[in-house]
Amino acid sequence: MTTMTLSRRGLSFWAQLVFTLLVCALLMAPVAMSMLAGVTANYFVGIKSGLTLRWVEEVWRLYADTIFLSLRIAFACLGCTLLLGVPAAYALARRQGAVARAVEELLMMPVAVPGLATALALIVTYGGVGDLRRSWLFILIGHVLFTLPFMVRAVLAVMTSIDLKTLEEGAASLGAGFARRFFSVVLPNCRSGILAGSLMVLTLSVGEFNLTWLLHTPMTKTLPVGLADSYASLRIEIGSAYTLVFFIMIVPSLILLQWLARHDRSAP
Amino acid sequence: MSVTARLDPQSRDSLRLAALLAPTAALFAAFFLLPLARLFVIGGGGDEGWAVYATILTNRNHLDSLIATLLLSAGVTAVTLAVSTVAGLFLVRHRFPGHAILVAMLTFPLAFPGVVIGFMVIMMAGRQGLIGAITQALTGSKLVFAYSMTGLFLGYVYFSIPRVILTVMAAAEKLAPRLEEAARSLGASPWRVVADVILPALKPALLSAGAIAFATSMGAFGTAFTLATRINVLPMTIYTEFTLQANIATAAALSFLLGLITWAALALARSFAGSSVAAAG
């Protein structure tokens with residue numbers, strides 16, 4: 001009889017391994033193909049047409065400004081979510097009542113409501129206010145709304161897992177005022193949550209499309225907007241090369257995030 | 001300063017916490033709650049008045065689009081849960097060489113935006129795609145289905161698998177192995193152990209992961225936009241009403257209702273599962 005124990009690897013083990021590998025192949029095949037297509041001279045002919053960086057250069061020529069704008073928005077968004085989200089998470093961690101839970105629930109709403117709806121709501125409300133519609137700040141507002149819940153949740157998770165109260169009382173008994181306690185006791189103890197939240201915010205902001213597509217203007221095109229543009233109108237090699245650039249941008253933060261998750265699990 | 005100095009420490013603390021939350025609350029009220037309320041009002045301010053909110057059921061096109069989106073999302077949720085539960089449980093219960101790399105590859109697409117997912121579908125099932133090349137070599141005719149509802153289905157399953165696998169793995173790691181051993185020592189077959197011990201224990205995680213997959217498939221826009229603007233799902237209907245027809249009231253009403261559906265799906269799952277749930281993309 002087949003069992004699923006570690007010691008005996010029966011038919012069931014191999015069947016599940018093959019299944020899992022097939023799922024992995026389904027996910028990775030198009031990634032590998034698009035990476036390859038991005039550096040292939042002629043995708044229709046295939047790899048024998050030779051490898052080239054021509055398409056990546058083409059992407060840089062056509063879309064460098066979208067890459068810089070996306071980075072600018074992502075880091076501005078990170079600044080905003082740190083300034084807003086960390087104090088908010090602290091307030092929510094200190095208060096465990098029904099009101100705090102309701103506030104937390106409300107703050108998560110921009111993630112639950114589709115970006116398309118949020119973007120339409122922002123346009124009908126603020127589209128006519130001054131030059132906001134044409135400014136990159138309009139996109140930033142959308143990104144802050146969408147990413148703030150991730151920062152709050154990541155920091156809140158760490159804050160509720162450590163004994164914040166005892167730590168603070170200890171510091172207070174030594175005469176530390178609130179500001180001193182917050183910056184030298186609370187923040188250092190939450191750095192893994194702050195780091196995880198920050199990486200999430202950067203990755204999500206760089207890839208955000210649902211909101212951004214409606215919020216952008218011809219002068220404020222972000223990377224995903226440029227991607228949609230290239231997929232629709234340019235040859236497959238350029239779309240692939242552009243996707244390759246996007247992968248290279250998000251991979252470092254993804255690796256760090258996975259490392260953080262493993263690190264957390266192995267910690268007592 | 002003199003005001004806070006006179007307060008007792010406890011109310012001073014409350015005041016301080018309120019002050020720390022205030023900027024977030026202000027931003028949230030100004031840029032989310034107010035705009036959503038405005039969206040609701042504008043929805044009712046068109047030619048059809050408040051009746052526009054009923055057209056999602058009475059207008060043939062809107063109803064078709066709603067039903068198609070619901071069916072698509074339900075199908076995506078079912079398939080993703082089945083696939084990810086098998087793979088996720090397997091990865092938690094077995095260690096073998098290459099395990100970490102396999103997990104990393106299975107969760108890599110987590111951060112892909114909808115447009116990139118759409119491009120991945122084109123790479124697989126598009127005109128120059130892998131499936132087309134294979135079927136042409138085997139049967140002589142090219143199978144291309146990227147630019148249709150089937151392609152969208154494939155895209156959403158692709159998008160949801162990494163997220164659900166991670167949730168299943170996190171939940172399965174917390175399962176007590178002793179419960180499983182007890183069931184086995186009482187003579188339960190492997191299938192009975194899975195059906196009676198493991199799946200019930202995973203239920204909260206599966207509920208919340210399923211709700212995320214459902215809500216994302218309902219509200220996502222980028223993948224459909226990349227594949228074909230003719231795919232009749234609710235987000236595309238809203239987009240068409242807004243940009244091509246300039247029918248802002250209808251677009252506003254439909255997106256308000258869509259937001260209500262996805263929010264309700266997630267809130268419902270959260271009340272059953274008790275953990276925080278969120279969609280993305």
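# Two chains, question by question

Colleague: In chain A, what share of the contacts with a separation of 6 or more comes from residues 24 or more positions apart?
Modeller: Keep in mind that this is a predicted model. Taking the contacts in chain A with a separation of 6 or more, the part that links residues 24 or more positions apart is 74%.

Colleague: Okay, and what is chain A built from, reading along the sequence?
Modeller: Chain A has 12 helices and two strands. Put in sequence order, the pattern is α-β-β-α-α-α-α-α-α-α-α-α-α-α.

Colleague: What radius of gyration does chain A have, set against a compact globule of 268 residues?
Modeller: Along the principal axes, the C-alpha atoms of chain A take up a box of roughly 75 × 70 × 30 Å. A compact globule of 268 residues would come out near 18 Å, but the radius of gyration of chain A is 23 Å.

Colleague: What percentage of chain A counts as buried?
Modeller: The bar is 20 or more other C-beta atoms within 10 Å of a residue's own. Of the 268 residues in chain A, the buried portion is 44%.

Colleague: Let's zoom in on one helix. How many of the 11 residues of α11 in chain A are buried?
Modeller: Helix α11 of chain A runs over residues 223–233 and is mostly covered. The buried ones include A:Leu223, A:Pro224, A:Val225 and A:Gly226, and further along A:Ser230 and A:Tyr231. The count of buried residues in this helix is eight.

Colleague: What about A:Pro188, why does it count as exposed?
Modeller: A:Pro188 sits in helix α8 of chain A, residues 178–189. The cut-off for exposed is 12 or fewer C-beta neighbours within 10 Å. A:Pro188 counts as exposed because its number of C-beta neighbours inside 10 Å is 9.

Colleague: How far apart in space are A:Pro188 and A:Val144?
Modeller: In sequence, A:Pro188 and A:Val144 are separated by 44 residues. In space, going C-alpha to C-alpha, the distance is 24 Å.

Colleague: Which helix gives the most to the largest nonpolar core?
Modeller: That core holds 154 residues, and the members touching the most others are A:Ala89, A:Leu120, A:Val155, B:Val121 and B:Val168. The top contribution is 17 residues, and it comes from α2(A).

Colleague: Which residues is A:Ala89 in contact with, leaving aside neighbours within four places in sequence?
Modeller: A:Ala89 is among the core members that touch the most other members, as is A:Val155. Those two are in contact with each other. The full set of partners for A:Ala89, outside its neighbours within four places, is A:Val152, A:Val155, A:Leu156 and A:Met159.

Colleague: Now the interface. Which helix of chain A supplies the largest share of the side that touches chain B?
Modeller: 64 residues of chain A are in contact with 70 residues of chain B. Several helices of chain A each put in at least two residues, including α2, α6, α11 and α12. By class, the chain A side has 47 nonpolar, 13 polar and four charged residues. The largest share, 14 residues, belongs to α1(A).

Colleague: How far apart are the C-alpha centres of the two domains of chain A?
Modeller: Chain A splits into domain 1 (13–50) and domain 2 (63–266). Six residues of domain 1 of chain A meet seven residues of domain 2 of chain A, and α1(A) provides four residues of that domain 1 side. Between the C-alpha centres of these two domains the distance is 31 Å.

Colleague: And in chain B, how far apart are the domain centres?
Modeller: The assignment for chain B gives domain 1 (1–44) and domain 2 (55–273). Their contact takes four residues from domain 1 of chain B and six residues from domain 2 of chain B. The domain 1 side has three nonpolar, one polar and no charged residues. From C-alpha centre to C-alpha centre, the two domains of chain B are apart by 36 Å.

Colleague: UniProt has something on chain B too. What is the helix percentage of residues 20–46 of chain B?
Modeller: The unreviewed UniProt entry lists 20–46 of chain B among the spans it calls "transmembrane region". The end C-alpha atoms of residues 20–46 lie 40 Å apart. The span has 0% strand, and its helix content is 93%.

Colleague: How far apart are the ends of residues 66–269 of chain B?
Modeller: The unreviewed UniProt entry gives residues 66–269 of chain B as "domain: ABC transmembrane type-1". The span is 79% helix and 0% strand. Its end C-alpha atoms are separated by 21 Å.

Technical notes
Residues are numbered from 1 along each chain as its sequence is written. Chains are lettered from A and ligands numbered from 1 in the order in which they are written. This is a predicted model: local features need pLDDT of at least 70, side-chain atom pairs count only at pLDDT 80 or more; totals for chains, interfaces and linings use all residues. Domain bounds come from an automatic or database domain assignment. Ala, Val, Leu, Ile, Met, Phe, Trp, Tyr, Cys and Pro count as nonpolar, Asp, Glu, Lys and Arg as charged, and the others, Gly among them, as polar. The radius of gyration is taken over C-alpha atoms; the globule rule is 2.2 Å times the number of residues to the power 0.38. A nonpolar core is a set of buried Ala, Val, Leu, Ile, Met, Phe, Trp, Tyr and Cys residues joined through C-beta atoms within 7 Å. UniProt positions are given in the numbering used here, feature names are shortened, and annotations may be inferred rather than shown by experiment.
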